[in-house]
Amino acid sequence: MASEYIEWTAKEQLKGVMDEHGEYLIRLAYLYVKDWAAAEDIVQEVFITYYQKAAQFQQRASLKTYLSKITINKCHDHLRSWKNRRSIFTESLGQLISRNQTPEEAVEQLSGQAALMKKVLSLPIHYREAILLYYYQEFTTKEISQLLGCSENTVKTRLRRAKNLLKDKMDAREWEGLLDE
């Protein structure tokens, strides 16, 4: 009877954690893997891992930070996987075959925030994660260093290099517009 109550309590706690952090973690995973279905699968794995290892959580950081760290690690595993590389190859091949867009459609697709996000997502993973965690998820450089397991100065260097790479990818008018925001 007592073990059933403990199991029920653990399931209710997990449900609360999923409700509170699920959407955020899916968005975070999507920013890494650029595939909504894969992001959802990764977050499912994150919650399974959390459920299995909840006793290991030592509360040295917030639960959100802890779950974010697990999500980032799972995203890195996914990006290194053979299945992902095969998927990227198939998608690239499909895009090469079906470039039947009008100029208006191409301009519309690359306009505004979509263009910026596309450029951010095209950065190498170390720079992309620094930009996304700092500007989009609003973590401090100290929190990012804890999440990524590197020094705060490394995070600052990655942010600076990422901004320089973005500056090179954007024309002067776009870059000046970003500086004003």
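Arginine 80, in this predicted model, counts as exposed, because its relative accessibility is 51% and the exposed class begins over 50%. Its side chain meets that of aspartate 77 in a salt bridge, with 2.7 Å from N to O. Aspartate 77 is partly exposed, its relative accessible area being 43%. Both residues belong to helix 3, which covers residues 63-80, and because they are three residues apart there, about one helical turn separates them. Side chains of opposite charge can pair when their charged atoms come close.

Helix 1, which covers residues 2-33, offers another pair, aspartate 19 and lysine 15, and because these two are four residues apart in the helix, they are separated by about one helical turn. Their side chains meet in a salt bridge of 3.4 Å, taken from N to O. Aspartate 19 is exposed, with a relative accessible area of 57%, while lysine 15, at 45% relative accessibility, counts as partly exposed.

Further along in helix 1 lie arginine 27 and glutamate 23, four residues apart, or about one turn of the helix. Here too the side chains meet in a salt bridge, with 3.5 Å from N to O. Which of the two classes, exposed or partly exposed, does glutamate 23 fall into? At 57% relative accessibility, glutamate 23 counts as exposed, whereas arginine 27 is partly exposed, with a relative accessible area of 38%. When a salt bridge is taken as a side-chain nitrogen of Lys or Arg within 4 Å of a carboxyl oxygen of Asp or Glu, the count comes to four salt bridges.

Charged side chains also appear in another setting, a negative surface patch that is formed by Asp35, Glu40, Asp41 and Glu45. One of these residues, glutamate 40, is found in helix 2, which covers residues 36-52. Glutamate 40 has a relative accessible area of 36% and is therefore partly exposed, since that class lies between the limits of 20% and 50%.

A second patch is of another kind, for Tyr134, Tyr135 and Tyr136 make a nonpolar surface patch of about 280 Å². Tyrosine 136, one of its members, is found in helix 7, and at 33% relative accessibility it counts as partly exposed.

Helix 7 covers residues 125-136, and isoleucine 125 has its place in this helix as well. Isoleucine 125 is partly exposed, with a relative accessible area of 24%. Which residues does isoleucine 125 touch, if residues up to four places away in sequence are not counted? The residues it touches are Tyr32, His76 and Leu79. The chain also brings isoleucine 125 to a C-alpha separation of 10.0 Å from valine 33, although these two are 92 residues apart along the chain.

The last stop is a loop, the one between helix 8 (141-148) and helix 9 (152-169), where serine 151 is found. Serine 151 is partly exposed, with a relative accessible area of 39%. From serine 151 to threonine 141 there are 10 residues in sequence, and in space their C-alpha atoms are 9.1 Å apart.

How values were computed. Residues are numbered from 1 along each chain as its sequence is written. This is a predicted model: local features need pLDDT of at least 70, side-chain atom pairs count only at pLDDT 80 or more; totals for chains, interfaces and linings use all residues. Side-chain values use heavy atoms; hydrogens and water are left out. Patches are made of residues with over 30% relative accessible area and no salt bridge: like charges are joined within 9 Å, nonpolar side chains (Val, Leu, Ile, Met, Phe, Trp, Tyr) within 5 Å. Accessible areas come from the Shrake-Rupley method with a 1.4 Å probe; for residues, only the protein chains shown count as cover. Lys and Arg count as positive and Asp and Glu as negative; His and the chain ends are not counted. The place of a charge is taken as NZ of Lys, CZ of Arg, CG of Asp or CD of Glu. Buried means under 20% relative accessible area, exposed over 50%, partly exposed in between (1.4 Å probe, protein chains only). Contact means heavy atoms within 4.5 Å.
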